[in-house]
Amino acid sequence: MRYFLDTEYNGFGGELISLALAPEYGDQDFYVSFPLPDDIHPWVAQNVIPYLRFVPQGVDHQLSRVDAARHLEAYLANDPDPLIVADWPDDLAYFCALLVTGPGEIIDHNGLRLELINAAGFSAAANSKMPHNALYDAHALKEFYLNPVL
């Protein structure tokens, strides 16, 4: 199955703040947020942090990095061929970094594929129900990908 990925992070190259996957089928979203860094980039403080917790009840999990990786491991465990779709390279980089749980250790998985799409004309900020919230931005990407405007 395809999972549409979005992340929020603390400015260019900054710490991961949240990560979301919107599955192609069903409503079993994945969303995790992390403890906030001490020094938050001003743009992030204004545009991301106020919307961080605005996700459906039962989906919001604030976890440590290792616990988030284990949560992701459990989320993908029953999918024999997950495909992670993103529109931005940093999203894939943060996702891949989350797979690593320690020196020489990664989550248990059945294999997974990554796809970086050309999303020319797509703007999560313009198409998301709640811009700069990883979960809503992942859903906007899903909608763009599955229902392109002709």
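Here follows a short exchange on the sheet, its helices and the salt bridges of this predicted model.

Trainee: What ground rules apply to residue numbers and local features?
Mentor: Residues are numbered from 1 along each chain as its sequence is written, and side-chain values use heavy atoms, without hydrogens and water. The model is predicted: totals for chains, interfaces and linings use all residues, side-chain atom pairs count only at pLDDT 80 or more, and local features need pLDDT of at least 70.

Trainee: What is the strand order of the open sheet of five strands?
Mentor: Strands are DSSP runs of E, at least two residues, and helices are runs of H or I, at least four residues, numbered from the N terminus. Two strands pair if DSSP finds at least two bridges between them. Pairing in this sheet is mixed. The order is 3-2-1-4-7.

Trainee: Which strands stand at the edges?
Mentor: Look for strands with a single partner strand, because one side of each is then left without a neighbour in the sheet. Those are strand 3 and strand 7.

Trainee: By how many degrees are neighbouring strands of this sheet turned against each other on average?
Mentor: Axes are lines fitted to C-alpha atoms, for helices over the stretch in contact; angles run from 0 to 180 degrees between N-to-C directions. For this average, direction is ignored. The value is 20°.

Trainee: In strand 2, which residue is the bridge partner of F4?
Mentor: Strand 1 (residues 2–9) pairs with strand 2 in the antiparallel sense, over seven bridges. Their hairpin has six residues between the strands, with G11 at a positive phi near 75°. F4's partner in strand 2 is A22.

Trainee: And in strand 3, which residue is the bridge partner of A20?
Mentor: Strand 2 and strand 3 (residues 30–33) run antiparallel, joined by four bridges. They too form a hairpin with six residues between them, and G26 in the turn has a positive phi of about 85°. A20's partner in strand 3 is Y31.

Trainee: How many residues of strand 2 are buried?
Mentor: Buried means under 20% relative accessible area, exposed over 50%, partly exposed in between (1.4 Å probe, protein chains only). Strand 2 spans residues 16–23 and is mostly covered. The count is eight of eight.

Trainee: Strand 4 and strand 7: parallel or antiparallel?
Mentor: Four bridges join the two strands. I84 stands opposite L114 in strand 7. The sense is parallel.

Trainee: What angle does helix 3 make with strand 1?
Mentor: Helix 3 (residues 89–99) packs on the sheet. Contact means heavy atoms within 4.5 Å; the helix touches strand 1, strand 2, strand 4 and strand 7. Its direction makes an angle with that of strand 1 of about 95°.

Trainee: What distance separates the closest N and O atoms of E24 and R2?
Mentor: The pair forms a salt bridge, defined as a side-chain nitrogen of Lys or Arg within 4 Å of a carboxyl oxygen of Asp or Glu. E24 lies in the loop between strand 2 and strand 3 and R2 in strand 1, so the pair ties together parts 22 residues apart in sequence. E24 is buried at 12%, while R2 is partly exposed at 24%. The closest N and O atoms are separated by 2.6 Å.

Trainee: With which residue does R113 meet in a salt bridge?
Mentor: The N to O distance is 3.1 Å. R113 sits in strand 7, and its partner sits 32 residues away, in the loop between helix 2 and strand 4 (83–86). R113 is partly exposed at 41%. The partner is D81.
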